[in-house]
Amino acid sequence: MHTFPDRASGAAKDVFSYLLMIGTLYVSVVSFLTLLFQYINVKFPDVLSFSYEAATATMRNSISSLLIVWPVFLLMSWMIEKDIHQMSAKRDLWIRKWLLYLTLFIAAITIIVDLVTLTNTFLSGEVTTRFVLKVFSVLIVAVAVFAFYLWDLRRDPSTQTKNKRIAAIATSVLILLSIIGGFFLAGSPSEQRAIRLDNQRTADLQTIQWQIISDWTAKGKIPAKLADLNDSISGFVVPVDPVTHQQYGYNVKGELAFELCATFQTDSAISPGRKEAYLTIPTSPYGTPETLSNWDHKPGQVCFERTIDPARYPKQPAPDKGL
């Protein structure tokens with residue numbers, strides 16, 4: 001009777017340990033593959049669907065997961081291995097066998113699906129470098145997981161081996177290198193913040209530019225100052241710098257010309273991910289292709305001169321007072 005609580009406690013501990021180990025393993029594998037996929041996307045981008053901002057955001061999520069989850073996986077694996085060495089009977093625990101065989105099953109299915117996908121894509125003649133690299137990344141990781149846990153299930157626990165330690169060190173080094181690579185591609189946290197702030201400044205200038213054009217078409221003249229764009233009815237308020245909260249620079253250069261100015265922190269031409277030509281394609285506010293313009297900038301104050309083309313943005317006819 002006195003041993004029952006100890007057995008119950010031991011069983012609960014084993015279930016907790018194996019569930020946490022396998023759960024962190026799955027999260028680590030998915031995060032690592034996701035990180036590799038984003039590296040591939042950046043190096044071999046699809047110009048029709050690629051977004052550098054989305055890729056770097058995914059990189060940050062994957063890196064955060066690996067930095068926290070992978071050490072937990074290593075810790076739980078070490079604790080479980082220590083228990084097995086102290087009590088070899090734990091090698092045959094039902095939770096251990098079920099979860100490890102489940103892992104083998106998932107790895108085997110992943111390998112099969114991966115190879116089927118590769119073969120099907122090859123036969124259809126749509127193989128690209130980006131696709132092949134992703135397929136082989138999944139294949140290598142799945143084969144490594146399958147081989148390691150198949151060996152772990154078959155090995156004699158009483159035999160001393162350094163294979164687990166070697167595998168842990170090698171995998172940790174690989175993950176660490178992938179994380180370091182992420183900082184080179186996505187930039188350090190401070191660099192990423194500076195880029196996001198500059199992106200916000202660019203978006204604010206685009207919004208102001210579009211509002212000035214809208215004001216021109218409605219009134220037939222550009223505003224004398226930015227405060228004239230504020231509209232209590234529509235609720236529009238001229239945005240300000242996200243850091244200093246000061247108004248952006250604005251100068252009227254002529255009847256149809258004006259310039260907008262902002263102080264930037266980064267060089268858009270050499271910021272992480274801006275080295276490819278497709279990433280410097282200017283954006284347009286509110287999805288209006290007519291207002292495409294160049295927003296490339298250097299660090300410091302930069303002014304963007306704009307001239308309204310009346311043929312492209314005609315003034316709205318004045319309302320008929322007789323009505």
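How much space lies in the largest pocket? In this predicted model, the space within the largest pocket comes to about 1100 Å³. Helix 1 (4-43), helix 2, helix 3 (94-123), helix 4 (129-154) and helix 5 (163-186) are the elements that each give two or more residues to the lining of this pocket. The lining is made up of 39 residues, and those that lie nearest the centre of the pocket are L74, F148, K164, A167 and A168. When the lining residues are sorted by class, 24 are nonpolar, eight are polar and seven are charged.

Helix 2 supplies the largest share of the lining of the largest pocket, namely ten residues. This helix covers residues 52-86, and because each of its 35 residues is taken to advance the chain by 1.5 Å, a span of 51 Å is expected, with which the 50 Å between its end C-alpha atoms agrees. Along its course, helix 2 also bends by about 30 degrees, and the bend is located at L66.

A separate feature of the backbone is found at H245, in the loop that runs between helix 6 (189-219) and strand 1 (249-252). Most residues other than glycine have a negative phi. H245, although it is not a glycine, has a positive phi of about 60 degrees. The relative accessibility of H245 is 56%, and because a residue counts as exposed when this value is over 50%, H245 is classed as exposed.

Definitions and conventions: Residues numbered from 1 in each chain as written. Predicted model: local features only at pLDDT ≥ 70, side-chain atom pairs only at ≥ 80, totals over all residues. Heavy atoms only, no water. Helix = DSSP H or I, 4+ residues; strand = E, 2+ residues; numbered from the N terminus. Buried < 20%, exposed > 50% of the residue type's maximum accessible area, 1.4 Å probe, protein only. Expected span 1.5 Å × (residues − 1). Bend = angle between axes of the 7 residues up to and from the residue. 1 Å grid on protein atoms, 1.4 Å probe; cavity = no way out; pocket = protein on both sides within 12 Å on 5 of 7 lines; lining within 4 Å. Points joined across faces, edges and corners; volume = space filled by probe spheres on them. Nonpolar A, V, L, I, M, F, W, Y, C, P; charged D, E, K, R; others polar.
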